[in-house]
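Student: I should like to learn how to read the enclosed spaces and the ligand site of a structure. Could we take the model below as our case?

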Amino acid sequence: MDTRALARRIRVHALRMVNRGGSSHIGSIFSEADVLAVLYGAVLRVDPARPDWPDRDRFVLSKGHAGAGVYAALAERGFFPVEWLDTHCADGSRLSGHVSHKGVPGVELSTGSLGHGLPVCGGMAYAAKLAGKTHRVFCLLSDGECDEGSNWEAAMFAAHHRLDNLVAVVDYNKIQSLAPVADTLRLEPFADKWRSFGWEAREVDGHDHDALRAAFGASRDRPVVVIAHTVKGRGVSFMENSVLWHYRTPRDAEYDAALAELTAAAP
Ligand SMILES: Cc1ncc(C[n+]2csc(CCOP(=O)(O)OP(=O)(O)O)c2C)c(N)n1
């Protein structure tokens, strides 16, 4: 699958969904879109016709507020009709703003309260090991989410059990909600922290599809964290690196301008 084209479609779907549903977090979705496209387009071993296939790779979006990106990726991969996306955040829709697994094929875990995805993924990866399974577990975290102590407990657990089937991906866009991460609770030296917890840390440009693909390769003996350096709002110039687009909904001229920019972009 052409992952760059998939990333662009994820962004366009998400922009429409957020506009139509009157919801937020478009900057957070744009920053993760390339990671999602590479995972769903080239890396995850999944079967849309059998979303509960026991040997499937698991993907959990721990930064659950950016769930529109996952819904768009799943629809594009054929887990459910693309038309479902039109119901995002509407009354009675199964596609809630924070990602939900209830009635949505392909979603493994409902999230939104930050700090829970990695602990659950550690359990999934450990269970796979105990059962002698070879599938892998991927967890997408946000940088601000790494303020939550539960992640560091999960990091210790995963290293202790040598969970080489577990991959954490951090969408390191350097902004959390309304302020820079560095001013809120500094993460650096971030990769060294993970390494000191017993993980293999790989740092990449989170919008470079070849680099991401290579970084998702297996490790021989320990859990892997892919620190994906990203830009919040990536793909729409007036949203990039702006705290405004964490909670703001693009409307009217802003929406038109964003859509025009995304649809004009290659590929
Ligand atoms: C436990 C918990 N505390 C607070 C929040 C409210 N909240 C929503 S998004 C967010 C931070 C967003 O920044 P970041 O985690 O870096 O994600 P980004 O959107 O930049 O990818 C916060 C604090 C939450 N969802 N869960």
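Tutor: Let us begin with cavities. On a 1 Å grid over the protein atoms alone, a cavity is a set of points where a 1.4 Å probe fits but cannot get out, and lining residues have an atom within 4 Å of a point. Grid points are joined across faces, edges and corners, and a volume is the space filled by probe spheres set on the points. Searching the whole structure yields two cavities of 30 Å³ or more. This is a predicted model, in which local features need pLDDT of at least 70 and side-chain atom pairs count only at pLDDT 80 or more, while totals for chains, interfaces and linings use all residues. Residues are numbered from 1 along each chain as its sequence is written, and side-chain values use heavy atoms, with hydrogens and water left out.

Student: How much space lies in the largest cavity, and which residues are closest to its centre?

Tutor: The largest cavity holds about 70 Å³. Its lining comprises 13 residues, with Val46, Asp57, Phe79, Gly106 and Glu108 closest to the centre.

Student: Which element gives the most to the lining of the second largest cavity?

Tutor: Strands are DSSP runs (E, at least two residues), numbered from the N terminus. Strand β1 (residues 58–61) gives the most, with three residues. The second largest cavity has about 40 Å³ of space, and its lining includes Tyr40, Phe59 and Gly106.

Student: Where does the ligand sit?

Tutor: A pocket is an open set of grid points with protein on both sides within 12 Å along at least five of seven lines. A molecule sits in one if more than half of its atoms lie within 2 Å of its grid points. Here the ligand sits in the second largest pocket, which contains about 170 Å³ of space. This pocket is lined by 16 residues, and His65, Leu114, Ser142, Ser177 and His246 lie nearest its centre.

Student: Which polar atoms of Lys63, Asp143 and Gly144 approach the ligand?

Tutor: A polar contact is a pair of N or O atoms within 3.5 Å. A side-chain N or O atom of Lys63 is 2.8 Å from a ligand oxygen, and a polar side-chain atom of Asp143 lies 2.6 Å from a ligand oxygen. Gly144 uses a polar backbone atom, 2.9 Å from an oxygen of the ligand.

Student: How much of the ligand does the protein bury?

Tutor: Accessible areas come from the Shrake-Rupley method with a 1.4 Å probe. Taken alone, the ligand exposes 590 Å², of which the protein buries 77%.

Conventions
A polar contact is a pair of N or O atoms within 3.5 Å; within protein, one must be able to donate a hydrogen and the other to accept it, and residues adjacent in sequence count only if both atoms are side-chain atoms. Helices (H or I, at least four residues) and strands (E, at least two) are DSSP runs, numbered from the N terminus.
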